Amino acid sequence: LVAVGVAFWIFRQPAPASGLLGQMVSVHQDFVTHRIRPEVEADTPEPLERFLADRLERRIRIPRGGALKGHAVALVGARLETFQGHPAGDVLLSCCGFPASVFIMDRGAFEADPGVQSALGAGGVRQPGGLKVKAVLRGSLAVCVVSTHDTPVMEEVQALAEALLDPSVLLAETP
């Protein structure tokens, strides 16, 4: 009975992501454990937007910290990452006190990895340690959020992706 119980528990655990999603999870864990730091630290979007525009050669709109569909969002900073030879912006933030990594990259490069389909599904991907990974595609961009936030991942990533397109629609500055 013990062996059956252990086997059930092991097989019930989500398998660690591999490929592109596994790399994103690893970078997020490095952020949470302070093994990596933002290349630029800022709690306002303008320095982060300039940093990413210079490195990604495209303008990315960063949401201003504040309220995001009932969530308290605070910007921490940004980094440039490279996944499978493709540049990706990593906007580091806190959502309701939970660290979150928001990866922004070219849609074509993102979709080239066969393992990303699970993150595009309605529930995203659950990882060991309570991590959740959810991605959405918007125009020529893929936006992928990695966090342990306890709200439905779809709500969080959908709101963040929409905010990247038009921050004024979903975000209001905190007073």
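**Ser94 and the strands around β7**

Ser94 is found in strand β4, which covers residues 86-95. This is a predicted model, and what follows is read from its computed coordinates. A polar atom of the Ser94 side chain sits 3.4 Å from the backbone nitrogen of Gly97. Leaving aside residues up to four places away in sequence, Ser94 also touches Ala72, Val73, Ala74 and Val76.

Further along the chain, attention turns to strand β7. This strand takes in residues 132-138, and six of its seven residues are buried, so β7 is largely enclosed by the rest of the structure. For that count, buried means under 20% relative accessible area.

Strand β7 has a pairing with β6 to look at, and another with β8. With strand β6 (residues 125-126), β7 pairs in the antiparallel sense, and two bridges hold the match. Here Val125 faces Val133 of β7, the two standing opposite each other. The β6 and β7 hairpin leaves five residues between its strands, and in it Gly129 takes a positive phi near 80°.

On to the pairing with strand β8, residues 141-147: β7 and β8 run antiparallel as well, and seven bridges join them. Within this pair, Ala135 stands opposite Cys144, a residue of β8. The hairpin of β7 and β8 has just two residues between the strands, and Gly139 takes a positive phi there, near 60°.

Put together, β7 is a largely enclosed strand that pairs antiparallel with β6 over two bridges and is joined to antiparallel β8 by seven.

How values were computed:
Residues numbered from 1 in each chain as written. Predicted model: local features only at pLDDT ≥ 70, side-chain atom pairs only at ≥ 80, totals over all residues. Heavy atoms only, no water. Buried < 20%, exposed > 50% of the residue type's maximum accessible area, 1.4 Å probe, protein only. Helix = DSSP H or I, 4+ residues; strand = E, 2+ residues; numbered from the N terminus. Pairing = 2+ DSSP bridges. Polar contact = N/O pair within 3.5 Å; in protein donor to acceptor, adjacent residues only side chain to side chain. Contact = heavy atoms within 4.5 Å.
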